[in-house]
Amino acid sequence: MTRSLALAAVLSLLALLWTGAATAQQIGPAAAPTAVIDSRPLPPIGAPAAAFDPHKATEAYLARVSGAAKARSDAYFEGGYVLTLVDALYAVGVAAFLLWFRVSASIRDFAERRTRSRLWQVPLYVGPYILITTVLSFPLTLYESYFREKAYGLMNLSFGGWLGEFLTGTGLSLIAGLIVLTALYAAIRAGRYWWLWAAAGTAFFAAILFVISPVFVAPLFNTYTPLPPSQTRADVLSLARANGIPADNVYLVDASRQSDRISANVSGFLGTTRISLNDNLLNKSTHDEVLAVLGHEMGHYVLDHSTRFLALMTLVALAGFAFLNWGFALAVGLFGGNWDVRRIDDPAGLPVLAALSTIFLLTATPVTNTIIRSAEVQADMFGINAVRKPDAFSTVVLKLSTYRKLDPAPWEEFLFYDHPSGRTRIWEMMRWKAEHLNDPDIKAGPVSPQ
């Protein structure tokens, strides 16, 4: 998905409650791959159309990543399966600590001593709560986001650079948490059907994030400069005009300071739309590969995936808030006296809601992944029809393989992948190619190894 969708997902999680798990996912650019890909030659160029087999072509592309590179990619991605559970258990553990040792109740009492306004008691509670949970979760965050990424060669930042971005993300998270959680507790005080208002609020705040993220959030982590005049710039803008995208410039992002990941996006909403590609994509990819990536990203915009994402994630949020409403009553009925937690509108119960939201989101992972993955498939199809570069897109997929397992089992792809697997995406391209072999621009056959 585009970066704005990813940030909107973070906001949706925030609206479902500032969880301990969220502290391990600071707002900011993700680390990315730098490992070398082992290559094997593809079948000879110019094979007769009748001899082209999309299944064999898919296998030929997948065979280009093998040996140590494939083992490393698989190990990194599969380790994420375990960390998904570890993150959830850690978040629940942080919540349990705050409740059983009455840290949460003490923060609530502090807020009540400062003001009698129930509205202002919430931000007075939320500020210390976010900072404390961030500190408690920092060891896991440090391992996952820095040491593990460095160990796999997936980050270019020094520790000082990483820490600076972590602190920037923490500051943004604090601001967002103060606003969103204050609004959430206002909704809770509105009555028994507060979870309906909370779900509507999730959509509202996510829409705002879509608008402000490209202009105010993304530049906090990277520098955006207009792409100098070139054939690539002209072709990207031509592709945008042909597909009705209101953009008159292309921005270059200095992503190489953080990683070697190749990426691009068409982000924004309600007048803030912009086309961006990072310097890695420009410097490490061919002209056709750049267009193939931008075609995919433009597909998200043309197919209105931002609105689709908002609608579907609002439904997920609705189910999540209903679960929190039920689960809070059950948990506090059993242990509320030990925790000194009163009703659901008591800010001291925020760790209860955080633990419950962690459980809900972990359980809902296949659903949220499917929502995103299905949109990615649609964008792939739009991109290949708009750009008509199946082999260029396939080689891009191989370049992304250093951080995502290329050939998972079907159950892995369903549970853990928020994008189609490499096998799925290359098969899509080769199947499309098989149906267009008689087109003049497709007859040339597969590209030679990079």
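Look at helix H11, and find Gly333: the helix bends there by about 55 degrees. Keep in mind as you look around that this is a predicted model. H11 covers residues 305–339, which makes 35 residues. A straight helix of that kind would reach 51 Å at 1.5 Å a residue, but the end C-alpha atoms of H11 are only 43 Å apart. Follow the chain off the end of H11 and you meet Asp340, whose phi is positive, near 60 degrees.

Now compare that with helix H3, residues 67–100. How far does H3 reach from its first C-alpha to its last? The answer is 49 Å for its 34 residues, close to the 50 Å expected at 1.5 Å a residue. H3 still has a bend of about 30 degrees, and you can find that one at Val82. Just after H3 comes Arg102, with a positive phi of about 55 degrees.

Helix H5 runs over residues 118–151. Its 34 residues take it 47 Å from first C-alpha to last, which is close to the expected 50 Å. Where in H5 is the kink? Go to Phe138, shortly before the proline Pro139, and you'll see the helix turn by about 55 degrees. Just past the end of H5, Gly153 has a positive phi of about 70 degrees.

H5 also has a partner to look at, helix H4, which spans residues 103–114. The axes of H4 and H5 come within 8 Å and cross at roughly 145 degrees, and the crossing is right-handed. To see who touches whom, zoom in on the H4 side first: among the residues in contact there are Val103, Ile107, Phe110 and Arg114. Across from them, H5 brings in residues including Leu124, Tyr125, Pro128 and Ile132. What classes of residue make up this contact? Sorted by class, there are nine nonpolar, two polar and three charged residues.

Time to leave the helices and look at the strands. In general, strands of a sheet pair through backbone hydrogen bonds, and they can do so either parallel or antiparallel. Here, four strands make an open sheet with mixed pairing, in the order S1-S2-S4-S3. At the edges sit S1 (224–226) and S3 (264–267), each pairing on one side only. Going from one strand to the next, the twist averages 30 degrees.

Which way do the neighbours run, parallel or antiparallel? Between S1 and S2 the answer is antiparallel, with three bridges joining them. S2 (residues 250–253) and S4 (residues 274–278) run parallel, and four bridges hold that pairing. One residue lets you trace both: Val253 in S2 is the bridge partner of Tyr224, and Val253 also has a bridge partner in S4, namely Asn278. A little further along, Tyr251 stands opposite Ser276 of S4.

Conventions: Residues numbered from 1 in each chain as written. Predicted model: local features only at pLDDT ≥ 70, side-chain atom pairs only at ≥ 80, totals over all residues. Heavy atoms only, no water. Pairing = 2+ DSSP bridges. Helix = DSSP H or I, 4+ residues; strand = E, 2+ residues; numbered from the N terminus. Axes fitted to C-alpha atoms, helices over the stretch in contact; angles between N-to-C directions. Left-handed = near helix turned anticlockwise from the far one by under 90°. Contact = heavy atoms within 4.5 Å. Nonpolar A, V, L, I, M, F, W, Y, C, P; charged D, E, K, R; others polar. Expected span 1.5 Å × (residues − 1). Bend = angle between axes of the 7 residues up to and from the residue.
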